[in-house]
Amino acid sequence: VCYNQEALAPLDMYPLFTLCEVLSAFASDAEYGISRESKRLTGCLIGTPLLCRIYEDLHQLSHGDTPRTRLYFTSESHVMALKNMLYHQDKTQFHRLGEPMELHFLTHFVFKLYHYSDADTYQIEVHFSSGIDQNMFGIVQEHHVEYSAVTPMIRIHNDLSLPTLQSIVETYREEFHAATGASPSMNVL
């Protein structure tokens, strides 16, 4: 529907597109499990190595004095796994991740590490954006493509401590090991 607009132009495909969006939102969310337990296990099997790597880097940043940026480029399955892992763990509450959402081009998480020198502690803010969410009808007009902005990030956690994140990661490492017999890389624990 989105990529064959010229051939389908004489037909009103918008109702079909709307129906496909609703079905896609349900199907893509259920693709990674239906129950809390299945979403958690599927997320664990797919996303534990990524979550371990994020924690390793945040831990290393907390022991350095030079600000750094880390970028991880991954697939939709890893993003959905990370979303489910953060939402379905029991250590702390990640807000708004339980809402059904479709992931789009440029979906991303942002982990910001802050050092509070007065208490010598580190806090992590976690943000999420579902990417570019735009109805594809009417975007291409006479060989001119209009680009839209990325959906604004929402803060899903604003006071996650490194020890709490470490505890979350350790729990998933144990579940990953129990399910696979293997251990994801985790140098700092």
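This is a guided tour of a predicted model, moving from a sheet to the helices across it and then to the salt bridges.

**The sheet**

Start by selecting strands β1, β2 and β5, which form an open sheet of 3 strands in the order β1-β2-β5, with antiparallel pairing. The edge strands are β1 and β5, and each of these pairs on one side only. From one strand to the next, the twist averages 20 degrees.

Next, narrow the selection to β1, residues 108-116, together with β2; these two strands pair in the antiparallel sense over 9 bridges. Look for Phe 109, which stands opposite Phe 128 in β2. Then go to the hairpin of β1 and β2, where 4 residues lie between the strands. Select Asp 120 in this hairpin: its phi is positive, near 50 degrees.

Now show β2 with β5, residues 154-161. The pairing of β2 and β5 is antiparallel and runs over 5 bridges. Return to Phe 128 and find Ile 154 in β5, which stands opposite Phe 128.

**Glu 125 in strand β2**

Stay in β2, which covers residues 121-129, and select Glu 125. Is Glu 125 buried or exposed? Glu 125 counts as buried because its relative accessibility is 14%, and the cut-off for buried is under 20%. Show its side chain along with that of His 127: the two side chains make a polar contact at 2.8 Å.

To see what else surrounds Glu 125, leave out residues up to four places away in sequence and display what Glu 125 touches, including Val 110, Phe 111, Lys 112 and Tyr 114. Arg 155, His 157 and Asn 158 are also among the residues that Glu 125 touches.

**Helices across the strands**

Add helix α3 to the view, residues 36-62. Helix α3 lies across β1 and β2, and runs at about 25 degrees to β1. Then add helix α4, residues 76-87, which also lies across β1 and β2. The angle between α4 and β1 is about 50 degrees.

**Salt bridges**

How many salt bridges does the structure hold? There are 6 salt bridges in the structure, and the stops below visit some of them.

Select Glu 175 and Arg 40, which form a salt bridge with their closest N and O atoms 2.5 Å apart. This pair links distant parts of the chain: Glu 175 is in helix α5 (residues 162-180) and Arg 40 is in helix α3, 135 residues apart. Glu 175 counts as partly exposed, at 24% relative accessibility, whereas Arg 40 counts as buried, at 11%.

Move along α3 to Arg 53, which is partly exposed with a relative accessible area of 39%. Glu 56 forms a salt bridge with Arg 53, with the closest N and O atoms 3.2 Å apart. Because Glu 56 and Arg 53 are 3 residues apart in helix α3, about one helical turn separates them. Glu 56 counts as buried, at 2% relative accessibility.

Keep Arg 53 selected and add Asp 57. The side chains of Asp 57 and Arg 53 meet in a salt bridge at 3.3 Å, N to O. Both residues lie in helix α3, 4 residues apart, about one turn of the helix. Asp 57 counts as buried, at 2% relative accessibility.

For the last stop, add Arg 70 to the selection. Salt bridges with shared partners join Arg 53, Glu 56, Asp 57 and Arg 70 into one network.

Notes
Residues numbered from 1 in each chain as written. Predicted model: local features only at pLDDT ≥ 70, side-chain atom pairs only at ≥ 80, totals over all residues. Heavy atoms only, no water. Buried < 20%, exposed > 50% of the residue type's maximum accessible area, 1.4 Å probe, protein only. Polar contact = N/O pair within 3.5 Å; in protein donor to acceptor, adjacent residues only side chain to side chain. Contact = heavy atoms within 4.5 Å. Salt bridge = Lys/Arg side-chain N within 4 Å of Asp/Glu carboxyl O. Pairing = 2+ DSSP bridges. Axes fitted to C-alpha atoms, helices over the stretch in contact; angles between N-to-C directions.
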